[in-house]
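Reader: I have a chain open on my screen and would enjoy talking it through with you. Could you be my guide?

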Amino acid sequence: MTLSTSSIMASPIQASSSSSTIGETSDGLKVQSHVSIGANDLLIVGPGVLGRLVAEKWREEHPDCQIFGQTVTTNHHDELEKLGIKPSLKETEFDGNFSYVIFCAPPSQSPDYAAELRMAASKWNGEGSFLFTSSSAPYDCFDNGECNEDSPVVPLGKSPRTDVLLRAEQVVLESGGTVLRLAGLYISFWYFIH
């Protein structure tokens with residue numbers, strides 16, 4: 001899987017470490033993570049179903065890479081470790097930046113989604129690619145007609161849901177990253193995992 005940069009979107013991230021989990025200590029102090037970041041190492045922000053699939057494919061193409069997964073909580077860190085993903089909390093600050101960052105976290109977990117993307121983009125070194133997995137929701141296609149990447153988008157201010165995504169996409173594009181609008185994401189994954 002090769003992530004390439006195109007003019008569609010980007011954002012920033014941070015890291016720290018406590019035992020095998022990278023993130024905040026129990027008293028809320030941030031600890032810097034001293035890991036060496038390699039050329040093919042990948043940072044996945046939001047390593048849920050989609051992020052885990054990306055990690056699996058990335059590892060097939062880059063068997064010696066490190067894959068880091070940033071989360072909001074430590075609830076799934078044990079699962080991520082079993083999958084070979086090094087978990088960290090989103091506040092983690094790494095010594096360097098990654099050539100490859102993919103943002104798969106849903107907007108429902110964030111009061112300021114655009115800021116989350118800005119944080120993720122700050123962890124990207126501008127090489128490789130920064131990819132934001134958005135949704136097809138911003139397309140103004142509600143008549144069951146044909147809809148593609150050239151279709152118009154819902155105007156800002158018309159829908160709070162699409163406003164969040166459009167503002168996040170703008171952050172990604174301004175950072176030099178790529179936006180990928182996925183359709184039927186949760187329906188497709190439901191069939192994949194069942």
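Author: Gladly! This is a predicted model, and a good place to begin is Asp 163, which has a relative accessible area of 9%. Residues count as buried under 20%, so Asp 163 is buried.

Reader: Which residue does the side chain of Asp 163 meet in a salt bridge?

Author: The two partners are 4 residues apart in helix α4 (residues 160–174), so about one helical turn separates them. The N to O distance is 4.0 Å. The partner has a relative accessible area of 47% and is partly exposed. The residue that Asp 163 meets is Arg 167.

Reader: Nice. Where else does a salt bridge lie within a helix, with its residues 3 apart?

Author: Look at Lys 57 and Glu 60, whose closest N and O atoms are 4.0 Å apart. Lys 57 is partly exposed at 42% relative accessibility, while Glu 60 is exposed at 53%. The two are about one turn apart, and both lie in helix α1.

Reader: How far apart are the end C-alpha atoms of α1?

Author: Helix α1 covers residues 49–61, which makes 13 residues. At 1.5 Å a residue they should span 18 Å. The distance in the model agrees with that: 19 Å.

Reader: Within what arc do the buried residues of α1 fall, seen down its axis?

Author: The buried residues of α1 are Leu 50, Gly 51, Val 54, Ala 55 and Trp 58. They line one face of the helix, because they fall within an arc of 135°.

Reader: Which salt bridge links distant parts of the chain?

Author: One of its residues sits in helix α3 (residues 113–121), and the other in the loop between β4 (85–89) and β5 (91–92). They are 26 residues apart along the chain, and both are buried. With 2.8 Å from N to O, the side chains that meet are those of Glu 116 and Lys 90.

Reader: How many salt bridges does the structure hold?

Author: We have talked about the pairs Arg 167 and Asp 163, Lys 57 and Glu 60, and Glu 116 and Lys 90. They are among the salt bridges of the structure, which number 5.

Reader: To finish, what pattern does the chain follow along the sequence?

Author: The chain has 5 helices and 8 strands, and buried residues make up 44% of its 194 residues. Among contacts with a separation of 6 or more, 71% come from residues 24 or more positions apart. Read along the sequence, the pattern is β-β-α-β-α-β-β-β-α-β-α-β-α.

Conventions:
Residues numbered from 1 in each chain as written. Predicted model: local features only at pLDDT ≥ 70, side-chain atom pairs only at ≥ 80, totals over all residues. Heavy atoms only, no water. Buried < 20%, exposed > 50% of the residue type's maximum accessible area, 1.4 Å probe, protein only. Contact = heavy atoms within 4.5 Å. Expected span 1.5 Å × (residues − 1). Arc of directions from axis to C-beta.
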